[in-house]
Amino acid sequence: MTTDPRDQDRVLIFDTTLRDGEQSPGATMTHDEKLEIAQLLDEMGVDIIEAGFPIASEGDFAAVSEIARRAQNAVICGLARANLNDIDRCWDAVRHARRPRIHTFIGTSPLHRAIPNLDMDQMAERIHATVTHARNLCDNVQWSPMDATRTEPDYLCRVVEIAIRAGATTINIPDTVGYTYPSESASIIRMLRERVPGADTIVFATHCHNDLGMATANALAAVEAGARQIECTINGLGERAGNTALEEVVMAMRVRNDILPFRTGIDTTRIMNLSRRVAQVSGFPVQFNKAIVGKNAFLHESGIHQDGVLKNVATFEIMRPEDIGLVAKNIAMGKHSGRAALRAKMRELGFDLGENQLNDVFVRFKALADRKKEVYDDDLIALMADTATNTDSDLLQVRRLRVVCGTDGPQEAELTLAIEGRDHSIDATGDGPIDAAFNAVRMLWPHKARLQLYQVHAVTEGTDAQATVSVRLEEDGRIATGQAADTDTVVASVKAYVNALNRLAARRAKTGGGDAREVSYRDIA
Ligand code: KIV
Ligand code: ZN
């Protein structure tokens with residue numbers, strides 16, 4: 001895909017939440033969650049969705065194929081290492097799309113060349129052969145020299161020229177280890193555009209990691225130098241410090257269009273909903289002070305700020321909350337609010353509920369309103385997440401929990417867990433109520449999964465606030481994140497733990513006990 005030469009201010013948004021984002025340890029999503037996120041990205045106006053790495057596992061292949069079949073507008077892209085098997089597998093998955101793309105890559109820096117033990121000439125030959133093969137299958141081929149920003153400039157020009165001659169239509173320049181600096185990011189793109197024959201026939205893309213906190217700046221600098229595709233993820237999700245955040249680059253180009261005179265096809269009013277959904281399904285909460293989508297991004301605490309905002313919002317706000325889909329907030333609902341009010345509020349928050357779903361949510365809303373005087377928007381969002389994650393068809397379900405706490409421990413937990421529909425009860429002790437309750441789960445459902453992360457967040461202020469809990473478990477290389485919300489932190493913790501166990505069991509069943517992801521894109525073929 002090339003941009004129309006008459007439309008030089010259009011920047012393509014390439015979202016890799018489902019590939020680079022999802023491959024970060026612990027961010028694993030289920031098949032259905034991937035389909036849902038892909039649909040939301042497609043509806044939001046993302047130009048290219050990198051849907052996964054088809055050779056990595058049967059699950060990745062199935063998700064990429066299904067996303068390809070369902071996508072309405074976006075180009076659907078799959079990742080492939082520089083070998084014919086990977087590329088064939090990738091094509092088999094993306095070929096179902098109205099607009100498929102193969103993305104193939106190889107590490108070109110001295111450190112990366114040493115891994116497959118190829119010299120410069122051998123690597124050049126590999127690039128020629130693999131890009132040619134991909135282009136024979138698909139007329140939309142993206143090629144990436146991994147670790148481009150640490151590749152010798154002359155060699156980078158040479159391999160980019162080879163890839164273009166072999167038929168690549170997009171050349172992506174990854175800053176794989178988040179090492180580059182904005183002026184350097186720009187000068188690499190400028191150099192390639194000036195020195196490489198055929199550079200004016202393809203689109204240059206920028207793919208930045210955030211290890212030094214410069215991913216957004218580096219991506220925008222590359223655009224100023226002529227890149228016309230930004231690779232990014234929702235919430236900046238991704239391994240280590242993550243990738244360029246979609247919401248940051250899109251809003252930067254919109255708010256500072258005076259100095260960044262570029263356009264994207266993104267409907268920015270959908271940003272907040274996607275951000276919440278990705279945080280929920282990945283189990284990676286958004287930091288409170290995160291640019292654009294953080295909980296505090298539009299809050300004005302100090303007296304001076306509040307006064308200024310009340311007189312004129314522009315005093316302290318450079319964008320309007322509604323630009324990213326944040327609706328007028330915090331008109332609390334209570335136990336007298338009816339079904340119609342709940343439906344309207346949910347619609348405002350971006351959830352279009354069918355009749356059955358509304359009934360379920362209404363029952364849970366009433367139960368919450370009984371325990372909590374005022375139910376705020378964030379409570380409803382947490383309740384929706386909990387409804388979507390913990391369902392009646394789960395293998396394990398928390399039926400009843402009672403904990404006894406005191407200053408002179410150990411603490412005790414009485415737990416009833418439904419296992420495949422049959423109730424089982426046990427008493428356990430532990431070092432604190434959470435430990436006691438988790439021990440009870442382990443006794444009723446013995447497993448060897450290791451607890452990697454346990455995180456609690458208060459949804460709103462006040463002692464009656466709901467807690468959302470994330471639990472990450474690891475078992476034989478498989479990682480699953482569970483989540484739950486409740487006004488009782490111990491109940492939310494046990495439900496989140498059980499949710500993670502359900503996810504591990506589902507993945508084990510799907511892969512027949514084998515490792516779910518056989519290869520990583522970091523394995524060199
Ligand atoms: O960071 C990176 O280099 C990548 C490539 C596979 C494009 O994600
Ligand atoms: Zn990457």
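Trainee: Is D523 buried, exposed or partly exposed?

Mentor: This model is predicted, and every value discussed here is computed from it. The relative accessible area of D523 is 34%. Buried requires under 20% and exposed requires over 50%, so D523 is classed as partly exposed.

Trainee: How far apart in space are D523 and I115, C-alpha to C-alpha?

Mentor: D523 belongs to the segment after α17, the helix of residues 489–511. In sequence, 408 residues separate D523 from I115. In space, the distance between their C-alpha atoms is 9.3 Å.

Trainee: Which residues are the closest to ligand 1?

Mentor: Ligand 1 is surrounded by twelve residues. By class, this shell consists of two charged, six polar and four nonpolar residues. The closest of the twelve are R19, D20, T176, H207 and H209.

Trainee: How many Å separate a polar side-chain atom of H207 from an oxygen atom of ligand 1?

Mentor: The side chain of D20 has an N or O atom 3.0 Å from an oxygen atom of ligand 1. For H209, the corresponding distance from a side-chain N or O atom to a ligand 1 oxygen is 3.0 Å. For H207, the distance from a polar side-chain atom to an oxygen atom of ligand 1 is 3.1 Å.

Trainee: What percentage of the area that ligand 1 exposes when taken alone does the protein bury?

Mentor: An oxygen atom of ligand 1 lies 3.0 Å from a side-chain N or O atom of H209. Taken alone, ligand 1 exposes 260 Å². The share of this area that the protein buries is 100%.

Trainee: Which elements give two or more residues to the shell around ligand 1?

Mentor: The shell draws on both helix and strand elements. The strands that give two or more residues are β4 (100–107), β5 (141–146) and β6 (170–175). The helix that does so is α1.

Trainee: What span should helix α3 have at 1.5 Å a residue?

Mentor: Helix α3 has 13 residues, numbered 58–70. The expected span is 1.5 Å times one less than the number of residues. The C-alpha atoms at its two ends are 18 Å apart, which agrees with the expected span of 18 Å.

Trainee: Which elements do the buried residues of α3 pack against?

Mentor: The buried residues of α3 are D60, F61, A63, V64, S65, I67 and A68. They pack against the strands β2 (48–52) and β3 (75–81). They also pack against the helices α1 (17–21), α2 (31–44) and α4 (84–94).

Trainee: The side chain of D47 makes a polar contact with the side chain of which residue?

Mentor: D47 sits in the loop between α2 and β2. With a relative accessible area of 11%, D47 is under the 20% limit and therefore buried. Beyond four places in sequence, D47 touches R10, V11, L12, I13, A74 and V75. Its side-chain polar contact, at 2.7 Å, is with R10.

Trainee: T180 counts as buried at what relative accessibility?

Mentor: T180 occupies the loop between β6 and α8. Outside its neighbours up to four places away, T180 touches T149, D175, S185, M214 and N218. T180 counts as buried because its value falls under 20%; its relative accessibility is 1%.

Trainee: With which residues is Y181 in contact, leaving aside its neighbours within four places in sequence?

Mentor: Y181 is in the loop between β6 and α8 (182–195). Y181 is partly exposed, with a relative accessible area of 49%. Its C-alpha atom is 13 Å from that of H207, 26 residues away along the chain. Its contacts beyond four places in sequence are M214 and N218.

Trainee: Which residue has a positive phi of about 60 degrees although it is not a glycine?

Mentor: Most residues other than glycine have a negative phi. The residue in question lies in the loop between α5 (110–114) and α6. At 64% relative accessibility, this residue counts as exposed. The residue is N117.

Trainee: Does I292 count as buried or exposed?

Mentor: I292 also has a positive phi, near 70 degrees. I292 lies in the loop between α11 (271–282) and α12 (303–311). Its relative accessibility is 9%, and because this is under 20%, I292 counts as buried.

Definitions and conventions:
Residues numbered from 1 in each chain as written. Chains lettered and ligands numbered in written order. Predicted model: local features only at pLDDT ≥ 70, side-chain atom pairs only at ≥ 80, totals over all residues. Heavy atoms only, no water. Helix = DSSP H or I, 4+ residues; strand = E, 2+ residues; numbered from the N terminus. Buried < 20%, exposed > 50% of the residue type's maximum accessible area, 1.4 Å probe, protein only. Contact = heavy atoms within 4.5 Å. Near = heavy atom within 4 Å. Polar contact = N/O pair within 3.5 Å; in protein donor to acceptor, adjacent residues only side chain to side chain. Areas by Shrake-Rupley, 256 points an atom, 1.4 Å probe, with all protein chains shown as cover. Nonpolar A, V, L, I, M, F, W, Y, C, P; charged D, E, K, R; others polar.
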